[in-house]
Structures are given as structure tokens and as C-alpha cells.
Amino acid sequence: MTTEQAARPTTIYLIPHTHWDREWYRPFQSFRMQLVDLVDRILDMLEADPDFAFTLDGQLATIDDYLEIRPEQAERIREHVRSGRLAIGPWQILMDEFLVSGETLVRNLEMGWRRAEDFGGPMRVGYLPDMFGHVAQMPQILRAAGLADAVVWRGIPAAINRHAFRWEAPDGSWVRAEYLPSGYGNAAGMFAVPDRLEAAADRFLDWARPWFGTDPVLAMYGTDHTAPVPELAALVSRLNEVHAASNMRIGTLADYIGQAPPLTPDDPCWRGELRAGARANVLMGVASARIDIKQAAGRAETLLERYAEPLTALHVSADAWPGAFLDLAWGKVIENSAHDSICGCSIDPVVDQVLVRFGEAEQIATTLTRRAALAAAGAVPRGSVAVLNPSPTPRAALVEAELLVPEDWAAVALELPDGSRIGTQEVARKEPLLFDEAMRGDQVDDLFRRFHGREIFDHAWNGYRIDGRTLTLEVDNDADPAWLDVDGLRAEVIAAMRAAPDDEWRVRVVARARRTLAASVPAPALGFTAVRAAEGDAGLAGAVRTTERSLANDLLTVEVEPSGTIRLVAVDGTEISGAGRIVDGGDYGDSYNYAPPTADTLVDEPSSVSVSMEADGPVISRLRISRTYDWPQGLLRDGSARTADVEPTEVVTTVELRAGEAFARFAVSFINHSDDHRVRFHVPVPRRADRSHAEGQFAVVERGLTGEGGYREEPLATFPAHGWVDAGGLGVLPDHIVEYELADGGAEMALTLLRSTGLISRNDNPYRQDPAGPEMAIPGAQMRGRHQVKFALFPHAGVWTDGGVADAAERYRHPFVWTAGAGAADAPWPPPLAGDEGLALEGDQVALSSLRRRSDGWLEARVVNLAADPRRAVVRGALTDAREASLRGEQGEALAVADGAVHLDLRPAEIRTIQLRRRETAAGKPDVLDASGPRQSA
């Protein structure tokens, strides 16, 4: 620093703001009352003093929540945003980045940006002040949305020693990242004592100098749920009069970023995710707190992203696009992505509301998926089944369909439209006799009281027969014929029985003979096919073979060991022994951080083991392993040890193998009666590994055996995985976000099944010095009651890129959808299936993140290159036009279309958004009054 620089006053940009946790240690409506008071004050201050400015926490939820109570204030807000003195957005809500899908991050930004434009536009800064770390692809997300700057706090490694650094995504995209040393409230107390402003400014500059040097200093004046003092502008003016070493300016965060000097080669650079605890707590335990929230999020996101939107876009006519319903569902998911909501670190009433919101999103997505399936089923004759594939690649998957099968058929196959046949496994046979009672002819009215229009016993009445004094009512799942004079039929039956009023009649309700058949059915990419029952045997490729304690197909062998653990052997020779060791240990931590008691007791030996076969067939087989453990009831009050009293707990693990699948499906279930403990599922890796690869938020990230600490928080190497995690030849395919650790020096993978804790934050948490929140009881977080966690294990040779891990995860996480054909019963077979075209994505390690219809009728697809090298992708499916698009959907340059396909050259780890127009096929509107619906495999 030169003498001239030292003498020059340091410019301090004072950013009045608040950090608004929408719901946390108080419920949403309670905090909203405080928010309304705050925004009322801010608007008054903006109008009273032209030198005042305010940054409203980067999330439009604050505006929406306020205007729902004060709708008449919208124009005042609009005026101040347009003036540049009130900064809003760009997010809809400040989210946790690791615990939601990449698509949820994009929709959050898209929704917030669009809403901000109603008021004059968003703050063009990627404001990320309190996320518990940052995902690797955030720089690319921001750049693709038109943002060149980020503001971050948690997760910054020790290698970053300046306030500004270059943050790169895996594809090479980068943003200028502004680091917030000491967090988003580094100047929150500067005006606490108005008559000592000069001393406060001296202390602040002494603190800031190592980070900012001669650069203007960013002073964040605000913290959780606080408003600035009304006389702030006057205090700043007074400070500038008495403090010659500084020149303080009030502005928005956008004002500060707008004047920030460009990065130089001397500024540090970081590539990838930010999860270090070197300078602030990253609170990694939230990945396993309240596992019920994570499961609900996984269901809602998957149904929206991979079922409701793409299947509706392709198989329902464009004029029936349910945009309002999808916006509502996405709004619920985004609302829940707030870090105090999705993390499970809030009071129990907040968690209750979070689960309701996810439930509503799931209901909408499920119903839209049903409607898309019904639209496709219109092209499939009644008596057969429509089967939809949600994947962008053609494949075969399990279908368990209920079909009309004559009782005298000894063997049944499924027939495809091309005439080929598939072997089946009978799962269930429907009892045709639903009702059989005697009644007098004059009691016929009692019979029809059981009817609701045409429906009786959840079936459709299709006709009747009378043989002497036996009345047989014929019913079925399908209304056949579709239109029936129910009143006329009813009158005929009543007349017949009343003609012999004193005679005893035998009344029977008989359903058509149906069987539930399991088969591995091939279907086109994002398209549909049809199957019908056919008499006779058919071959079954990759059939499952069983013994009392083993399952095997052509790709994988599964054996239950004497202790109840599992041995898996892949066809390539990769072997795992001892999979499924259940380890229960104490947890004296809180919702943010796991911490063991001083003297922990680990329980991993069962007191009893039993094995039985639940399903035994060539298509699907399943073993049930029951193990009983004596888990301590809880902890001693001082956290020194676990209690001597135990709760015998049965842990049931089912292991399922299907024909043609190279992975084993696991479901672990138990009723939790204990408090303050952690339950993990341990799997040895085939080859000791010093790193893991985990997929999530548009990237595959590499992680080591340790975390980076330094800020008084134990740097546990527990990490979240969204789509899958792989290490040493073991691929783990979860249903939802899972916390994992590559433990024992890289010898095994530990998956957290449950973490029970009773406090939001524990003041004396052994693994974290700073409280992360209030020490408030949250008894619901003890997670007592029934729990089930599902995932698959995939042993393979090589690394993830050549081991087929991403493909296995796609197959595991996205089961087929099927529903009864809704076309004419006498329609010819095979049916003409226009939907057979679907939409295919070709490319090694290239994934589909989203496919939806835009308001202008075009389709919008988002594809991701998961690989670390360039890849070529092809989108194929009767395309007529294609164009580039920004992440927010802004139209770009036209793309060449040849033979109904568009070719894309993707950078390493590139996220690419394109818009498509295709030759519309016979997509139709679903019969919304049809009460039947599709099913999915479990």
C-alpha cells in the first residue's frame, strides 16, 4: 500500500438489509406479522429520505408475503424498485442448494426473476448469503441466467483469502464471487451506540483491511429479522463528519457490485462446490435431519420433473397444457426449498406445514401424470394396457398390470403391438364373486341401495343374466359398453324380481376374471406402448432364479449371509460381502450437526435373524430379512453415554431382484422407539477407495475422505447425494437425498437411514462451538414411529463413467406408468400408436433434467453433460424446428434440424437449454371424468 493510498479515505458501502428466515423457530404466519411491520417501516424510510436504500434479502417471497396482507402497497414498492433504491430478487426464495434438485434451483430463479419484473426488475446479483455451502454448478446457473456476480458466505475454503475471487463451475463458466467475511451481518452493530460512531468505524476498518485492502469495503448492515434504525441516514452523515479515514455511502448490494473492481490474476480462484468449514459452519448434519422431509421432497420433485411435465407435454394436446396447476405445484416445492424448511431445523409446526406443501405438490403431479396416461390410453383398446416410459431412452421395465384372463388359461404371456410375446409372472388373481346372498323378490330395493349410479363395489355395472331365480349382475373394472342405460337395466331387474315377490332369489355380483401379471415390458423413449394378455408360454430373458436364501439373474447374484447381511456378485466378477450391516449409535447433537456422546455405545449385532421369501418368480423375487437389535432408549442428560435401558427393535430389510436388472433393490423398515441416535446402513466397497463421486444439481462431484474444517466445527466427511453416489465399484442409487460417508479409510460406504434429535440447536454441541440457532425442543425430530428407506446397490467394474452408474440410476428412480386402455373395446389389434415416437435423448452420460411446454406452444428441454469431457447429444422425435434458449427461457439462435433430430455438442458438464417444435401426433385430452388411473411399480 502506498502512502497516498493509506491517506485516502476508505469508501465503505453500507448495505441496509434484513435476512428473512420465512419460518424457523416461529411459524410462517408469526414471522409474517413481523415482516409486514418491517416493510411498512422500510417504505416510509425510503419516502422520507432520498439518501436511504434497502436490499430486501434477494428473495421475492418477502414481497409476495407482504402484499398478500398489504395489496394496496404494490405501487409504492414498484416506484422504489424502479428508482434503484429498493433491491429485490433475483430468487423467489433463499434456498438450501444441496437438498433440492438442480431443476428446483432453476425454477426458483426463474420464478423470482419473473415476479421481480412485475416491479421493475430483479437485482442482478446472485445473492447467496446463508446457504449451508454451495453446489458446483451454481456459477454456470447464474451465468446462464445472465448474472455475472455471486455473493456468498458459508462453505468458503481457507484458500480464499480475499473478499473477491473467481468461482468456476465444472464446465469453466465463472462468476465474480464476493465473499462476506463474518457473514451477512458484518456491520449489524455499527450504529448500536450513536455517540461512539468513530470508534465503531475504526474497529470495522481494522477488521476489514486484511480482506479488502484498498478496495471499497462492503458493510452489511442487518441480520436476521431486523430493520434499520429510522435515523440511519443522519447517523451516516454524522459519521462522515467525524471520521476522516472513511467515506460511507448508503446503497444497495447492486450498487456495491456495480462499482467493484474487476478481478485480477492475483485474486484467488476456486473450481467446484463450496463445502468447507474453514471460515463458517456448514452445518452438514441437515442432510439427515427429518428424513421424512427429504423423502417428501424427492417424491414431489421427481413426479413434477420426470412425469407430470414431460408426459403431459408429449401426450396431451397443447391447448390442454395445465400451466396454472404446474405453477402452483412448483410454487409449493420452491416455498419449501428455503433452508430452514427443507433442512428440517425448524419447530415441529413448521415441519407440519412443509410436509403439507410437498403433499399438495405431489397430489398435483400425480393427478397430471394420471391424466397424461389416460390421454395416451385413448389410443389403446379396452381390455389391454397402455404402458408409458418416463425415460428419454428406450428400455424395458417392470409392469404389474391387471388384465382380463379367462379362467381356463393355464399359461399367460403379454403380447406387444408388433406381435412379439413376453413371459409373465402371476402376482395376484382377482376373486370374481364379489357378492352372493339370498333375498326375496320384494327386497330388490335393498339391492340397489348398494349402487351409486353405475358403480357397485368399485366396479362398473355392465349387464345382467337371469337363470330361474338366480340373478347375476355382471361388473368389471371397465365400463363396457362405455354408455349404458342404467335406469333401463335397473327397471328390468326390479320388474323381474317383483314379479315373484315372495320367492327367494339368489343374487350374485360377478366380475370378469382378471389376473395381475408382472412382466418386463419394452417401451419407446418418453413414449408409450400397449400390451394385452395372450394364452401360452413365452420366453423370459434374464429370468430370476431363487433358493431359500438367494436370488440370481443373468447379471447379479444376491445371497443372504448367516448374520443377515448380503453378498452381491455381479456378472463381471465384482463382489461385495457384508452389505447391510446396521449400526446404531448415540447422537448428542442437534438438527444441524451430529455429535456422539462422550462414551458412545454402537449396536451392530442382532439378537435374532430370520429369512423368508416374499415373492418368488422369474420376473420379480424378493427376500425378507428380519433382524432384532437392542437399541438404547436414549442418552443420559449430560450426554456422557447412552442409557442402559434398551428397546428391542425389529429391522426388516427386503431385497428385491428383477429380471434384466443389474442392481438389487433394498427397503429397510423399522419402528423407532428410541431418542437421540443415528442409524446407518454400512456396505463394504468392492475396492478400497480414496474418493467418491456423487451426482446432484447438474454435476458429478468428486469428494475425498475428509472435510475441510477450521471454524470450530468438526469437519465430518458426511455428504449429500441426490441421484447416486459411487466409490470403489459400488453404486448407491437412492430414492431421495441421502447422507453418505466413505468410512473406515475408504473401505465401506455408510448411508444414514435415520437421525433422531430433540433440539433445533444445542448450545454445548460437542462437534460445533457456535450455536446455530435457539436451543428449542423439537420432539417431532426424534422421528419416533414407522420408517422405511429405499435405495438400490449396484456393484460394477471400473469407474462410474464406464460402469453404467448413471444409466442404472435412471432405471431405478423412474419406474414405468401404466393404465387400462380407454379406446374402443372392438378396436383392431395392433393399435396405431402415434405416441410410439415419444422423444429420445441419445448420448453417453447425457441426462434429461426437464421437458415442458411453453406458453407459445414450443417444448423446452434441459439436458446435462455429466461427464468431464465434451460429449455429443442427439434429441430425436419428429422435430421440425429447434432453437437455443437461456436458462430463463429467452429465445436464442436457431438450431439445425435433420431427419427429425437436433445434434448438440456439449462442453464438459454443460447445462444446455433448447426449445423444440415437433410434428404433433395424435395427442389428445384425457377423459377427466374417468376415475381410473395409472399405476407405477414400487
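# Exercises on a predicted protein chain

The protein chain carries 96 positive and 138 negative side chains, and the centres of the two sets lie 1 Å apart. Lys and Arg count as positive and Asp and Glu as negative, while His and the chain ends are not counted. Each charge is placed at NZ of Lys, CZ of Arg, CG of Asp or CD of Glu.

This is a predicted model: local features need pLDDT of at least 70, side-chain atom pairs count only at pLDDT 80 or more, and totals for chains, interfaces and linings use all residues. Residues are numbered from 1 along each chain as its sequence is written, and side-chain values use heavy atoms, with hydrogens and water left out.

## Exercise 1: the whole chain

Describe the make-up and extent of the protein chain.

Step 1. Start with the elements. The chain has 17 helices and 51 strands. Both are DSSP runs, numbered from the N terminus: helices are H or I with at least four residues, strands are E with at least two.

Step 2. Check the compactness. The radius of gyration is 31 Å, close to the 30 Å that the globule rule gives for 938 residues, so the chain is as compact as a globular protein of that length. The radius is taken over C-alpha atoms, and the rule is 2.2 Å times the number of residues to the power 0.38.

Step 3. Read the spans. Along its principal axes, the C-alpha trace covers about 110 × 60 × 60 Å.

Step 4. Turn to cover. Of the 938 residues, 61% count as buried. Buried means under 20% relative accessible area, exposed over 50%, and partly exposed in between (1.4 Å probe, protein chains only).

Step 5. Look at the surface. The chain exposes about 34,500 Å², and carbon and sulfur atoms supply 49% of it. These areas come from the Shrake-Rupley method with a 1.4 Å probe; for residues, only the protein chains shown count as cover.

Step 6. Finish with contacts (heavy atoms within 4.5 Å). Take those with a separation of 6 or more: residues 24 or more positions apart account for 76% of them.

## Exercise 2: three helices

Find the buried residues of α8, α4 and α17.

Step 1. Begin with α8, residues 232–242. Its buried residues are Leu232, Ala233, Leu235, Val236 and Leu239. They cover an arc of only 160° around the axis, which puts them on the same side of α8. The arc is that of the directions from the helix axis to the C-beta atoms.

Step 2. Find the partners of α8. Its buried residues pack against β1 (10–16), α7 (197–212), β8 (217–221) and β9 (246–250).

Step 3. Move to α4, residues 74–83. Here Ala74, Ile77, Arg78, His80 and Val81 are buried. Their cover includes α2 (28–48), α3 (61–69) and β3. After α4 comes Gly84, with a positive phi near 90°.

Step 4. End with α17, residues 805–813. This helix is mostly covered, with seven of its nine residues buried. They are Val805, Ala806, Ala808, Ala809, Glu810, Tyr812 and Arg813.

## Exercise 3: backbone features

Which residues does each cis peptide bond join, and where does each proline lie?

Step 1. One cis bond joins Gly89 and Pro90, with omega about 15°. Pro90 sits in the loop between β3 (86–87) and α5 (102–117).

Step 2. Another joins Trp829 and Pro830, with omega about 5°. The loop between β42 (817–820) and β43 (840–842) holds Pro830.

Are Leu283 and Arg712, each with a positive phi, buried or partly exposed?

Step 3. Leu283 is not a glycine, yet its phi is about 55°. Its place is the loop between β10 (269–271) and α10 (291–315). At 2% relative accessibility, Leu283 counts as buried.

Step 4. Arg712 has a phi near 55°. This residue is in the loop between β35 (699–703) and β36 (718–721). Arg712 is partly exposed, at 41% relative accessibility.

## Exercise 4: sequence and space

How far apart in space are Gly798 and Leu730, and Ala199 and Pro265?

Step 1. Locate Gly798: the loop between β41 (785–795) and α16 (800–803). At 34% relative accessibility, Gly798 is partly exposed.

Step 2. Gly798 and Leu730 are 68 residues apart in sequence and 9.9 Å apart in space, C-alpha to C-alpha. Leaving out residues up to four places away in sequence, Gly798 touches Arg687 and Gly729.

Step 3. Ala199 belongs to helix α7. Its relative accessible area is 28%, which is partly exposed.

Step 4. Ala199 and Pro265 are 66 residues apart along the chain, and 35 Å separates their C-alpha atoms.
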